[in-house]
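Me: I've got a chain open on my screen and I'd like to talk it through with you. Can we go feature by feature?

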Amino acid sequence: RMFHDDELEESEKFYVGQPRVLLLIYALYNTLVARSEMVCYFVIILNHMISASMITLVLPILIFLWAMLSVPRPSKRFWMTAIVYTEVAIVIKYFFQFGFFPWNKYVDYTKDKPYHPPNIIGIEKKEGYVHYDLVQLLALFFHRSILKCHGLWDEDEKGDSSSNKDDTDDELSLTGGRRDSSASLKSVNLAASVESIHVHFPEQQTAIRRKSSSSVSQLSHRSSFSSHRSKRGKPCLLFSTSYSVVESHCGLCFFRTLQVYVPIRQFFYNLIHPDYSAVTDVYVLMFLADTVDFIIIVFGFWAFGKHSAAADITSSLSEDQVPEAFLVMVLIQFGTMVVDRALYLKKTVMGKVIFQVILVFGIHFWMFFILPGVTERKFSQNTVAQLWYFVKCVYFGLSAYQIRCGYPTRVLGNFLTKSYNYVNLFLFQGFRLVPFLTELRAVMDWVWTDTTLSLSSWICVEDIYAHIFILKCWRESEKRYPQPRGQKKKKVVKYGMGGMIIVLLICIVWFPLLFMSLIKSVAGITNKPLDVSITITLGGYQPIFTMSAQQSQLKDLNQTGFNAFLGSYRGNTAALQFLEGYGKEDITLADLEGNSNSLWTISPPSREKMIQGLLDFSAEFTVVLSWSIQRTLETVYPYYIKAPSDSLAKPIKQLLTGVYCRWENITVSLVKNVSEEGVREWWVLNQLGKRYKTSEESLELFIFSDKVSPPSLGFLAGYGIMGLYASVVLVIGKFVREFFSGISHSIMFEELPNVDRILKLCTDIFLVRETGELELEEDLYAKLIFLYRSPETMIKWTREKT
């Protein structure tokens with residue numbers, strides 16, 4: 001060994017011999033120390049998610065637009081800004097907790113109002129108002145101690161002192177006895193600009209060259225090279241000024257504006273035009289973050305809309321309704337993914353920086369100022385929105401890392417095709433199964449990539465590359481798990497793969513029948529009738545008999561009676577087959593009285609005419625027997641009823657439950673009228689809680705009618721089990737049939753022993769396209785097409801290497 005120390009060796013043995021729990025604690029602490037800045041970022045974002053105020057909004061924006069964009073790490077100025085800002089925020093929150101402020105007298109009334117000014121600013125009175133701020137301050141001081149321990153805290157100041165020695169002529173020289181009054185200008189440092197800035201004032205002209213320092217422009221580590229740029233001939237910032245003009249208000253305002261503007265401009269200029277670039281590619285991770293946000297929107301779209309009446313997207317889509325909140329959020333999320341893909345393909349860092357700035361300000365403004373007003377609740381009470389924002393913060397961090405490192409110079413193929421194994425194979429095939437995703441990606445790549453190929457030729461190359469990649473994965477798997485010559489397949493493979501396919505095909509074929517049968521027999525519930533009515537009518541005249549059975553007149557069968565009922569049909573096969581689907585709880589016995597429950601009212605002429613019809617034995621006289629069955633209605637009178645596209649109207653449970661229950665009470669009274677014609681009686685119903693008050697007895701009912709599809713599209717609905725068969729069995733069966741048929745026509749393209757040369761040819765096409773060799777791209781594409789047109793050449797190219 002080149003170096004040996006007994007104490008170090010003993011120390012290493014000591015730590016290795018510690019318990020696993022203690023080693024885990026050591027590892028977690030070392031991870032915490034190594035990523036202490038990420039801990040600070042996480043705590044700051046978490047504090048803002050919980051507080052959701054203007055006070056906590058500043059630091060997250062500075063993280064994504066300053067700290068994470070700094071190379072190689074955030075400067076001391078940022079961390080001091082974060083520490084001082086957190087301390088000031090704690091003091092401000094503490095000051096406004098006193099009860100003599102007017103808004104602190106009605107805390108219980110205003111605490112849930114999203115647009116209450118103290119809630120927006122973050123100075124409302126509440127319990128634990130400063131807990132997360134203290135944790136944030138603790139994390140910042142912990143990171144500060146780590147930087148001091150490694151000598152990185154005063155690194156920028158050392159760079160400043162060294163540059164001061166080289167540029168002693170850059171100090172601001174002021175004349176006159178009023179030097180103290182303008183001492184604040186003495187230490188002002190403006191970063192070197194890209195182009196010379198000359199400011200001419202009408203008084204005494206004294207050319208003063210400002211020095212290039214990293215004390216103000218230290219937002220980026222690259223600015224430490226600014227002094228060297230000036231020595232290589234870079235333009236410097238020149239000011240021609242006089243003391244009397246600087247003292248003026250206009251000159252001072254202009255000077256302060258430049259003091260803020262120039263470093264920011266130089267920071268982003270250095271970011272877009274770096275001296276060095278450690279290129280990286282985190283587009284896959286950004287895409288995954290956007291995909292997770294997309295899934296959150298799909299399953300939690302109600303959290304971004306007006307109210308949260310619907311529980312999930314399936315309940316809304318089942319009623320043929322597309323919520324506006326869901327549509328807007330999906331379109332915005334999908335649009336940002338398309339723009340991000342375009343910037344990635346064009347490799348434009350400037351566009352990515354502009355997009356990052358727009359997204360950071362836009363997302364924060366929308367999430368913390370617009371969304372609370374739309375949802376009528378505070379952001380801190382919206383769990384789904386908080387989760388969406390946290391994932392978006394991960395996306396912002398990845399985007400900042402991509403900007404800081406720069407885009408890769410070459411984008412070759414799909415990220416799933418980097419290796420040839422089963423995982424990449426199945427993930428790539430799953431990617432191609434997503435509807436329109438492969439086509440959309442191919443078209444976007446063609447639009448935003450320099451190429452001489454037409455769209456059809458581009459898609460042809462993509463299809464050949466995908467096909468060859470799949471074959472390459474299978475060939476690599478055959479090499480890793482070789483099959484000896486003349487040996488039969490193992491039972492594990494046959495019963496594992498073949499058995500799974502058999503079960504899958506059987507389930508697909510019989511799924512509709514199983515679904516329609518089990519959904520009622522297993523998951524179905526008994527819905528017993530509440531009222532059974534019988535009406536008998538002679539020849540279309542007034543009914544001669546009406547009777548209803550309710551409550552005690554509707555009886556259930558016990559097990560003995562049910563068995564006796566089944567025994568009476570023992571010899572009837574058709575009847576027993578029908579009764580197989582029912583149990584004793586599904587049968588109700590209605591006991592109707594023989595006396596009609598209403599008087600027979602018929603006019604004398606109709607009575608005479610009916611008698612004549614009955615006496616005429618040669619003519620037909622119809623007897624109509626009608627019945628009606630009423631089933632479950634939970635309460636007496638539902639105030640709101642929904643009329644869906646089908647014929648079944650039902651109460652709206654969302655409006656009839658909870659605090660604002662609108663199941664209304666009704667009064668039933670019997671009115672008796674005595675006149676010369678006799679005594680007449682009738683029943684009168686009146687609703688008590690009516691929205692539109694009327695003096696007379698009446699009933700109110702709100703009907704919500706769903707929109708229906710136009711008649712021209714009605715053929716798409718209402719097919720029942722046949723439609724289920726057509727959509728499931730026939731469609732999937734078509735794809736399965738295509739998999740098993742037409743194999744002979746694809747043998748010359750499928751049975752390729754070695755596809756390395758073809759795969760390399762496709763990769764070469766991608767490579768020359770990225771390097772701008774467009775003529776060579778045309779030649780290689782023509783070679784690829786010729787290869788697929790010539791079977792003999794294909795055989796030579798796909799032979800095994802010897």
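Me: Let's start with H4: how many of its 14 residues are buried?
Reply: Keep in mind that this is a predicted model. The buried residues of H4 include Ile55, Leu57, Leu59, Ile61 and Ile63, and towards the end of the list come Phe64, Leu65, Trp66 and Ala67. So H4 is mostly covered, and buried here means under 20% relative accessible area. The count of buried residues is 11 of 14.

Me: And how far apart are the end C-alpha atoms of H4?
Reply: H4 covers residues 54-67, and at 1.5 Å a residue its 14 residues should span 20 Å. The model agrees with that, because the end C-alpha atoms are 19 Å apart.

Me: Which residue just ahead of H4 has a positive phi without being a glycine?
Reply: Look in the loop between helix H3 (36-51) and H4. The residue there has a phi near 50 degrees. Its relative accessibility is 16%, and the cut-off for buried is under 20%, so it counts as buried. The residue is Ala52.

Me: On the other side of H4, which residues does the cis peptide bond join?
Reply: The proline involved is in the loop between H4 and helix H5 (76-95). Omega of the bond is about -5 degrees. The bond joins Val71 and Pro72.

Me: Trp66 of H4 has ring partners, I think. Which residues make up its cluster?
Reply: Trp66 is one of the buried residues of H4. Ring pairs tie it into a cluster, and a search of the whole structure finds 27 aromatic pairs. The members of this cluster are Tyr41, Trp66, Phe78 and Trp79.

Me: Which kind of pair do Tyr283 and Tyr344 form?
Reply: Their ring centres are 4.4 Å apart, with 10 degrees between the planes. Planes under 30 degrees apart fall in one class, so the pair is named by that cut-off. The pair counts as stacked.

Me: How many residues apart are those two tyrosines in the chain?
Reply: Tyr283 is in helix H14 (residues 283-299), and Tyr344 is in helix H16 (residues 324-346). Both are buried, with Tyr283 at 9% relative accessible area and Tyr344 at 5%. The pair links distant parts of the chain, 61 residues apart.

Me: Right after H16 there's Lys347. Is it buried, partly exposed or exposed?
Reply: Lys347 is in the loop between H16 and helix H17 (349-375). It has a positive phi of about 55 degrees although it is not a glycine. Its relative accessible area is 25%, and buried needs under 20% while exposed needs over 50%, so Lys347 is partly exposed.

Me: Which charged residue lies over the face of Trp153?
Reply: There are at least a couple of such arrangements to look at. Lys472 lies over the face of Tyr420, at 5.5 Å from the ring centre. Over Trp153 the distance to the ring centre is 5.3 Å, and the residue is Arg144.

Me: Now Ser399: leaving aside neighbours within four places in sequence, which residues is it in contact with?
Reply: Ser399 is in helix H18 (residues 383-405). Its relative accessible area is 0%, so it is buried. Its contacts beyond those neighbours are Met286, Lys352 and Gln356.

Me: How many residues of H18 are buried?
Reply: H18 reaches 34 Å from its first C-alpha to its last, close to the 33 Å expected at 1.5 Å a residue. After it comes Gly406, whose phi is positive, near 95 degrees. H18 is largely enclosed by the rest of the structure, because the buried residues number 17 of 23.

Me: Over which residues is the pLDDT below 50 while the stretch still has 140 contacts?
Reply: The mean pLDDT of the chain is 76, and 72% of its residues reach 70 or more. Where pLDDT is low, the predicted coordinates should not be read in detail. The 140 contacts, counted beyond near neighbours in sequence, belong to residues 159-246.

Me: And how many contacts beyond four places in sequence does the model have for residues 712-718?
Reply: This is another stretch where pLDDT stays under 50. For residues 712-718, the number of such contacts is zero.

Definitions and conventions. Residues are numbered from 1 along each chain as its sequence is written. This is a predicted model: local features need pLDDT of at least 70, side-chain atom pairs count only at pLDDT 80 or more; totals for chains, interfaces and linings use all residues. Side-chain values use heavy atoms; hydrogens and water are left out. Rings of Phe, Tyr and Trp (its six-membered ring) pair if their centres lie within 6.5 Å; planes under 30 degrees apart count as stacked, over 60 as edge-to-face and the rest as tilted. Helices (H or I, at least four residues) and strands (E, at least two) are DSSP runs, numbered from the N terminus. Buried means under 20% relative accessible area, exposed over 50%, partly exposed in between (1.4 Å probe, protein chains only). A charge sits over a ring if NZ of Lys or CZ of Arg is within 6 Å of the ring centre and within 35 degrees of the ring normal. The expected span of a helix is 1.5 Å times one less than its number of residues. pLDDT is the predictor's confidence in each residue, from 0 to 100. Contact means heavy atoms within 4.5 Å.
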